[in-house]
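I opened this notebook to keep a record of what I looked up in one structure, entry by entry. The sequence and the coordinates come before my notes.

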Amino acid sequence: MAIIIDLDVQLARRDLSVGEFAAAVGITPANIAVLKNGRAKAVRFTTLDAICRALDCQPGDILRWVPDEDPAGR
């Protein structure tokens, strides 16, 4: 199972830089990069709330689930 974070898509749609967005959310640009690059292991609900407020979007606009490929080909 893989959770994909489409933060870069939302930032591009709104023409927001990482720095502007980080300031609006209240987290560091480095942590935004961790989210954008898919290296995050968890996201606090308070952070998700701040992201959704800053982007005026729903969590489903940012997060999506993609099933793992079945190595047996099923």
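Is D49 buried, partly exposed or exposed? I found that D49 is partly exposed, with a relative accessible area of 37%, where buried means under 20% relative accessible area, exposed over 50%, and partly exposed in between (1.4 Å probe, protein chains only).

**Entry 1: ground rules.** I am working with a predicted model, in which local features need pLDDT of at least 70 and side-chain atom pairs count only at pLDDT 80 or more, while totals for chains, interfaces and linings use all residues. Residues are numbered from 1 along each chain as its sequence is written, and side-chain values use heavy atoms, with hydrogens and water left out.

**Entry 2: overall layout.** I noted 4 helices and 2 strands in the protein, these being DSSP runs numbered from the N terminus (helices H or I, at least four residues; strands E, at least two). Read along the sequence, the elements follow the pattern β-α-α-α-α-β. The C-alpha atoms fill a box of roughly 45 × 20 × 20 Å when I take it along the principal axes, and buried residues make up 24% of the 74 residues.

**Entry 3: salt bridges.** I looked up the salt bridges, each defined as a side-chain nitrogen of Lys or Arg within 4 Å of a carboxyl oxygen of Asp or Glu, and the structure holds 2 of them. One joins R64 to D6, with the closest N and O atoms 2.6 Å apart. R64 lies in strand β2 and D6 in the loop between β1 (2-5) and α1, so this pair ties together parts that are 58 residues apart in sequence. On the accessibility side, R64 is partly exposed at 42%, whereas D6 counts as buried at 16%.

R53 forms a salt bridge with D49, and here the closest N and O atoms are 2.9 Å apart. Because R53 and D49 are 4 residues apart in helix α4, they are separated by about one helical turn. R53 counts as exposed at 64% relative accessibility, while its partner D49 is partly exposed at 37%.

**Entry 4: helix packing.** I then turned to helix α2 (residues 18-25) and helix α4 (residues 45-55), which pack at an angle of about 120° with their axes 9 Å apart. For the geometry, I recorded that axes are lines fitted to C-alpha atoms, for helices over the stretch in contact, and that angles run from 0 to 180 degrees between N-to-C directions. The two helices are therefore oblique to each other, given that angles under 35 degrees count as roughly parallel, over 145 as roughly antiparallel, 65 to 115 as roughly perpendicular and the rest as oblique.

**Entry 5: C-alpha separations.** G19 lies in helix α2 and counts as partly exposed at 41% relative accessibility; its C-alpha is 8.9 Å from that of I32, with the two positions 13 residues apart in sequence numbering. F45 lies in helix α4 and counts as exposed at 73%. F45 and I32 are likewise 13 residues apart in sequence, but their C-alpha atoms are 15 Å apart in space.

L16 lies in the loop between α1 and α2 and counts as partly exposed at 29%. I found its C-alpha separated by 9.5 Å from that of L55, which is 39 residues away along the chain.

**Entry 6: backbone check.** Which sign of phi should I expect by default? Most residues other than glycine have a negative phi. Against that background I noted D15, which has a positive phi of about 55° although it is not a glycine; D15 lies in the loop between α1 (7-14) and α2 and is exposed, with a relative accessible area of 70%. D56 also has a positive phi, of about 50°, and is not a glycine either. I placed D56 in the loop between α4 and β2, where D56 counts as exposed at 70% relative accessibility.

**Entry 7: nonpolar surface.** My last lookup was a nonpolar surface patch of about 300 Å², made by I3, L63 and W65. Patches are made of residues with over 30% relative accessible area and no salt bridge, with like charges joined within 9 Å and nonpolar side chains (Val, Leu, Ile, Met, Phe, Trp, Tyr) within 5 Å. The accessible areas come from the Shrake-Rupley method with a 1.4 Å probe, and for residues only the protein chains shown count as cover. W65 lies in strand β2 (residues 63-66), and at 51% relative accessibility W65 counts as exposed.
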